Structure formats: structure tokens, C-alpha cells
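Trainee: I would like to go through the ligand sites and test each label against its cut-off.
Mentor: Good. Ask, and we will check.

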Amino acid sequence: MQNQHFIRNFIVETPSKPGNFAKVATAIGMAEGDIGDITTLKSGALTTVRDITITCKSEAQFQSVIANIEAIGNGVKIHAVTDDVLKAHEGGKIAMKSRLDVRSLGDLQRIYTPGVASVCMEIVNNPEKANYFTSIGSSVAIVTDGTAILGLGNIGSVAGMPVMEGKAVLLDQFVGLSGIPILLNTSDPDEIVETVKHIHQGFGAILLEDIGSPHCFEIEERLKAELPIPVMHDDQHGTAVVALAAILSACKSTGVDVKDAVIGQIGLGAAGLAICRMLMAYGVDEVYGLDRQEEAKQRLVNYGGKTIPTLEEMMETCDIIVATTGVAGLIKPEMIKKGQIILALSNPNPEILPNEAIAAGAAFAADGRSVNNVIGFPGIFKGALDAGAKEITYSMLIAAAQAIVGHTKPGELIPNPLDPTVHHLVARAVEEAANKEMNL
Ligand SMILES: NC(=O)c1ccc[n+]([C@@H]2O[C@H](COP(=O)([O-])OP(=O)(O)OC[C@H]3O[C@@H](n4cnc5c(N)ncnc54)[C@H](O)[C@@H]3O)[C@@H](O)[C@H]2O)c1
Ligand SMILES: O=C(O)C[C@H](O)C(=O)O
Ligand SMILES: [Mg+2]
């Protein structure tokens, strides 16, 4: 797999004289290492120690980064090279924590037997109070069968758990919801639907994650129809929201009316088909899909979409290209037309690196790390839960996309996901759209 993201942390000591860190940065750049976070650990009179996050495309590249730094000499020393990604995952990223302290017998009797019995009876007599007296209303099941983990494919739900824990971390950090991973050991649609139906009462909503096509379409449709709570396949609709927002922002920046744009979508699986459907729901006429599977193309045609037979033809005729194939490096620089907008959204490695696309003439380019459904799904679920919505509809999704665009700075494609305001605005917009649909 090309364009790998190997992330390591270098603990580097340099003499405190100005210019020494610049030598280290140059040494890293000469080996094509990409510098990320830099944390000064110690700033002394004689030496400074920094923790430098470096991303490389291969282990070999790391070795040349190390060799280049060591070649500087004059007191520049590498004290350690650590893998902070693995370190961050030691023991897992999430934990079930109590919101209350139990320090006395009184506490125990209130939150446990016998006090808890009265709360149970309160719910027996007023079932709608379950969301008020329990955590159900702020809990989201993150359900996967592990068949389409990022672009890594069918690696199974246990190997996919770090991704599901990641979604739970983001739900907690950005909107204060509790995400609970549910790892299925079946990819049979009937068994998945039956299982989720039997566990749904413990959750306010269901987030389907990294379930591959075509099963994901049937599973989501059946659960949406059969459950009284919101169900959303994030890879489909969270991605469609973010892709629409990025396209609207790019069109705004380039003075193009999105409804006149010619948009090509490479890959018509979970993400790609949903992106096409979202664009058509938004009123874009010229949306063309491409997939290597006939049945994937047929699904788009069944929704009223159009297809283009080859990648070369799509790259030649479309102003905006979105790719969600899982195939790193699929789009070659020589395929890029001047002024094109390229959203190569596959993770962990895009169909083309944004800097390569820009260098080849693209007006805008982004990968799946920056244009990522993290901008959408936390606020979408928060808004749906706050509204007490029974489902997540297109008007709620389009409201989410418009809220994202409204908070995007000129020249940006989408806001920074670390900006808490964007998640709050998305949640409010989704809640309002839901209330409008429920005539509240
Ligand atoms: N940036 C984001 O937020 C985001 C969100 C969802 C998915 N993704 C990424 O998109 C990729 C696909 O995810 P998915 O859930 O849609 O998977 P999927 O398996 O449902 O869909 C992938 C589709 O791409 C097609 N495809 C593969 N190689 C192709 C090629 N060479 N030419 C044309 N079509 C080809 C497959 O036939 C399939 O239909 C993954 O890498 C995933 O990480 C990114
Ligand atoms: O997990 C992500 O980063 C986004 C998306 O859900 C994906 O599958 O790529
Ligand atoms: Mg995913």
C-alpha cells in the first residue's frame, strides 16, 4: 500500500543557540519527513529538548531521518524514537465511568439497592422517563461487522475496534455523547438486523460504521424502518454531508454555482453512492459515477444517477472529482485538469496526495483526513437526540452541511474539527430541521 502514514515521535536535544533547531528541521525535510506537533520538553541555558512528531511514508524513510539528524553532530542528539500512536492506544481509548461518587452508605443506597427500585418503578409507570432517569438518551451504539474498516477492507470487527473507539472518543469530546462499540461476529444482514433490534433499547441512536457495501444499504434501510430511534451509517451519510459541504465551499471560493458544476464520483460503495444521492438531493444535475463493479453502477442508475465508463474519461470531463475507492494512488498527477477540485477521501491513504494534485494544477485538493465525516457525525447525532427525532432525514443532513459551510472560513474547504463551535452549530441546525419536520 503506497503513501503510508508512519507516525513516530523523536525526542531531540539541541544546543540552545538559535539556528540549531533549524538544522534539525532541514535534516528531517531532506529525508522527506513531514513535521507535525513540536513540544518543547525542556528549555535550558545550554540545551533544549523537544518532542517532534514526524510522519514518513516508510520505515526506511525514518531511518534516513535518523541518519540525517545524527549527521548534524555539534551536540544535536536523538534521545528516543517512540510510536505515540500505539502508546495512545495502550489499554484502549475509552472507559465506562461513573458520573457519581460512592463515598457513603447513603450514596450506595441511593444509587443502588434499595433506592434504585423506586426509579425502576418510576420508569414502569412512565416509560418516557427512561431517557430522563438513565443514560440511554445520550448513548450511541457504534455497530460494525468489520467488513470495510477505513480502506483496510474486511479485517474483522475486533481489528476495527480502534476505529470504533476513535468514533466514541469524538462523540464524547465534541458533543458529550457516550459511544459504545458493538463488535459483531457476523456479516449476515439478517443476523445483524436481528442483533441490533434486540439491543436497541439501551441506546438513543445507532451509528453504523465500516460495514461494507452492498450489505450496508439493506442493513441501514431495514433498521431505519424497524427501529423507533435514529439509525445512520456514518460512512454513507456522515461522509455525504462533509463532501457536500466541501464542494459547496470550493464552489463558493471559485465563484462556481454548484448546480452548474459537473461532478464525478469514483467508487460507488457506501460513501460514494451516498455522496451521489446527497448531491442529487441537493439539486445538482451533472453527477456522474464510476465503479469497477457493475452492480455498484446499477445502484446509482436505480437512484436516477448517470455513469461514466472509465477513470480517464471522468477525469477529462468533470470539474469536481470525489474519490472513495480505498485505492491509494489511483489518481495520477497527469490525469488532473487545471483548475479541477479533487477530493481524494480514502483513508488511511488517499487516491492522490493533495500536494501532488495541487502541483498538477488542481484549484483545491483534500484527502480523507481533512475532509472527514468527523465534521458531521457528532453534531448530527447530538441534534437528532436533542430533538427526540425518530430518524435522520435528508433535510437534517442538508441542514448539517449548510451549517458546516456557514462556519467555513474563506479559502478553506471545511472548518477545523477541533473547533467546538462547528459541532454545536451542526447540532443546532439538525435539531431545528428535525423540529420543523415534526412541526414543533
Ligand atoms: N473521508 C471520510 O470521511 C470517509 C468516509 C467514508 C469512507 N471513506 C473512505 O472511502 C473508502 C471506501 O469506503 P466505503 O465504506 O465506501 O467502502 P466500500 O467498499 O463500500 O466502497 C468502495 C467502492 O469503491 C469501488 N472501487 C474499488 N476500487 C476501484 C477502482 N479502482 N475504480 C473504481 N471503483 C473502485 C468498489 O467497487 C466499491 O464499490 C475507504 O478508504 C474509506 O476509508 C472516507
Ligand atoms: O474513520 C474515518 O476516519 C472516516 C471514515 O469513517 C472512514 O471509514 O474512512
Ligand atoms: Mg468509516
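**Ligand and metal contacts**

Mentor: One caution before we start: this is a predicted model. Begin with the backbone of Leu345, where an N or O atom lies 3.2 Å from a nitrogen atom of ligand 1.

Trainee: What makes that pair at Leu345 a polar contact?
Mentor: The cut-off is 3.5 Å between N or O atoms. The Leu345 pair is at 3.2 Å, so the pair counts. Val371 also uses a polar backbone atom, 3.0 Å from a nitrogen atom of ligand 1. Asp291 uses its side chain: a polar atom there lies 2.6 Å from an oxygen atom of the ligand.

Trainee: How much of ligand 1 does the protein bury?
Mentor: The protein buries 90% of the 850 Å² that ligand 1 exposes when taken alone. Helices α10 (234-254) and α11 (270-282) each give two or more residues to the shell.

Trainee: Which residues of the shell are closest to ligand 1?
Mentor: The shell has 25 residues, and the closest are Ser213, Thr239, Asp291, Gln293 and Asn373. By class, the shell divides into eight nonpolar, 14 polar and three charged.

Trainee: Why are Glu209, Asp210 and Asp235 called donors of the magnesium ion (ligand 3)?
Mentor: A donor here is an N, O or S atom within 2.8 Å of the metal. Glu209 (OE), Asp210 (OD) and Asp235 (OD) coordinate the ion at 2.0 Å, so they qualify. Water is not among the atoms, so the site may look incomplete.

Trainee: How are the donor residues spaced in sequence?
Mentor: The pattern is E-D-x24-D. Glu209 sits in the loop between β7 (205-208) and α9 (215-226), and Asp235 in helix α10, so the pair ties together parts that are 26 residues apart in sequence.

Trainee: Are Glu209 and Asp235 buried or exposed?
Mentor: Both Glu209 and Asp235 are buried. The label means under 20% relative accessible area.

Trainee: What surrounds ligand 2?
Mentor: Leu150, Lys167, Glu209, Asp210, Asp235, Asn347, Asn372 and Asn373. They divide into one nonpolar, three polar and four charged.

Trainee: How do you know that Asn372 makes a polar contact with ligand 2?
Mentor: An N or O atom in its side chain is 2.9 Å from an oxygen atom of ligand 2. The limit is 3.5 Å, so the pair at Asn372 passes. Side-chain atoms of Asn347 and Asp235 also pair with oxygen atoms of ligand 2, each at 3.0 Å. The protein covers 81% of the 260 Å² of accessible area that ligand 2 has on its own.

Note on methods
Residues numbered from 1 in each chain as written. Chains lettered and ligands numbered in written order. Predicted model: local features only at pLDDT ≥ 70, side-chain atom pairs only at ≥ 80, totals over all residues. Heavy atoms only, no water. Near = heavy atom within 4 Å. Polar contact = N/O pair within 3.5 Å; in protein donor to acceptor, adjacent residues only side chain to side chain. Areas by Shrake-Rupley, 256 points an atom, 1.4 Å probe, with all protein chains shown as cover. Helix = DSSP H or I, 4+ residues; strand = E, 2+ residues; numbered from the N terminus. Nonpolar A, V, L, I, M, F, W, Y, C, P; charged D, E, K, R; others polar. Donors = N, O, S within 2.8 Å, 3.2 Å for Na, K, Ca; no water. Buried < 20%, exposed > 50% of the residue type's maximum accessible area, 1.4 Å probe, protein only.
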